[in-house]
Protein chains: 2
Amino acid sequence: MREDLPIDVTHEVRDSCLCLHLQRAARAVGRRFDEALRPVGLSHGQFSLLISLNRPEAPRLGDVARLLGMDRTTLTANLKPLERRGLLTVSPDPSDRRGRRLALTPDGEDLLVQAVPVWRQTLAQLPPVDLLGGLAQLVGMAPETAGTPDGKAG
Amino acid sequence: MREDLPIDVTHEVRDSCLCLHLQRAARAVGRRFDEALRPVGLSHGQFSLLISLNRPEAPRLGDVARLLGMDRTTLTANLKPLERRGLLTVSPDPSDRRGRRLALTPDGEDLLVQAVPVWRQTLAQLPPVDLLGGLAQLVGMAPETAGTPDGKAG
DNA sequence: CCAATTTAAGTTGACTTCAACATATCTGTC
DNA sequence: GACAGATATGTTGAAGTCAACTTAAATTGG
């Protein structure tokens, strides 16, 4: 071990890094939901995405990306398997032809009807941690975390 | 909107899903660390991985995967870019030839010496949320996937 | 010692994630 | 109504993520 990189630094990161703890917890909880939802044929991310489309007006791609806190190009990629399976449609917005409206198909709705009880049960089986408020703070923290084109403007 | 899938379900998920909140926070915080570490040439996951190798004994692949709360095969994939860059080495364990020992190279240590101050500063700039205990609870819940929150030899 | 079992990793395929770059469309100004 | 800037999205390339399957080595039971 070099003296400019003592073991204490390793322990400091392990014990205090919010990023590491978040990633680990997100992976662990994500795996658990993936496992529960597997019989339905959805991953946890696909479930979140589909359920976010269940609303009176078909939302635009960018709005859904912001809601999910993900890069819009990630959402574009995530849409493809679901569109291929016929669970949602991507169609141009008539009032603004740059925009894309995302809508559930009847098949997508059917799958959600099956998935929602599984989701409820899986959530209920988690330990009763009280984290949502703190987690929400983190999502909003960066001035333009998820919404800015190419992370450049500001 | 179908009556077996009312908008209330959408709101229920949005407002109460620990999985969704975790993924969103993990993405947002991960992006922030990625941005801060970019000048050093590391992503947040690569930083966590490399720092976990900074210890007197080179750990085995499986132990590191447990420490990071990720699938072993994910770790195998994550090693490749770092090995290619000469930041770590993967070598067979002499005492158990199934095992692989992961070790930092001097170049990897040099990079960590640069990265640690950036990591400290980025962590200090986050809002002072108190989440680590709750997050650690979640990692331990899955019977076989997760490891113990500390990294020392289970 | 040998066969069965367990354990540690590798491989493959599908999907997820994001930055950088590129295109199409809208809005405001003149 | 052309033009500059802003907005919404697409494309590409590299990496991250995991389940299912496979291979290699250690351990256990006769």
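In this predicted model, 99% of the interface residues of chain A are also interface residues in chain B, so the copies meet through the same surface. Chain A can be superposed on chain B by a turn of 180° with a shift of 0.0 Å along the axis. The RMSD of that superposition is 0.0 Å. This is the relation of a two-fold axis.

The contact between the chains draws on 68 residues of chain A and 71 residues of chain B. About 6,600 Å² of area is buried between chain A and chain B. Carbon and sulfur atoms give 69% of that area. Polar interactions are found here as well. Between chain A and chain B, 24 residue pairs are in polar contact, with both residues at pLDDT 80 or more. The interface also holds 6 salt bridges by the rule applied. A salt bridge joins the side chains of Glu12(A) and Arg120(B), with an N to O distance of 2.8 Å.

Several helices of chain A build its side of this contact. Helix H1 (7-16), H2, helix H3 (44-52), H4, helix H6 (106-125) and helix H7 (132-140) of chain A each give two or more residues to the side that touches chain B. H2(A) provides the largest share, 16 residues. By class, this side of chain A has 40 nonpolar, 13 polar and 15 charged residues.

The protein also meets DNA strand D. Around this strand lie 25 residues, of which Arg27(A), Arg31(A), Gly62(A), Arg72(A) and Arg98(A) come nearest. The surface near DNA strand D comprises 12 charged, 9 polar and 4 nonpolar residues.

Both chains supply elements to the surface near DNA strand D. From chain A, helix H2 (18-37), helix H4 (61-68), helix H5 (72-84) and strand E2 (96-104) each supply at least two residues. From chain B, helix H5 (72-84) and strand E2 (96-104) do so. H5(B) gives the most to this surface, with 6 residues. H2 and H4 of chain A thus appear in two settings: they supply residues near DNA strand D, and they give residues to the side of chain A that touches chain B.

On the DNA side, sugar or phosphate accounts for 71% of the atoms of DNA strand D within 4 Å of the protein. The rest of these atoms belong to bases. Individual contacts illustrate both kinds of atom. In chain B, a side-chain N or O atom of Thr74(B) is 3.1 Å from a phosphate oxygen of DNA strand D. For Asn78(B), a side-chain N or O atom is likewise 3.1 Å from a phosphate oxygen of the strand. In chain A, a polar side-chain atom of Arg72(A) lies 3.0 Å from a base oxygen of DNA strand D.

Key:
Residues numbered from 1 in each chain as written. Chains lettered and ligands numbered in written order. Predicted model: local features only at pLDDT ≥ 70, side-chain atom pairs only at ≥ 80, totals over all residues. Heavy atoms only, no water. Near = heavy atom within 4 Å. Polar contact = N/O pair within 3.5 Å; in protein donor to acceptor, adjacent residues only side chain to side chain. Helix = DSSP H or I, 4+ residues; strand = E, 2+ residues; numbered from the N terminus. Nonpolar A, V, L, I, M, F, W, Y, C, P; charged D, E, K, R; others polar. Contact = heavy atoms within 4.5 Å. Buried area = accessible area lost by both parts, 1.4 Å probe. Salt bridge = Lys/Arg side-chain N within 4 Å of Asp/Glu carboxyl O. Least-squares fit on C-alpha atoms with pLDDT ≥ 70 in both.
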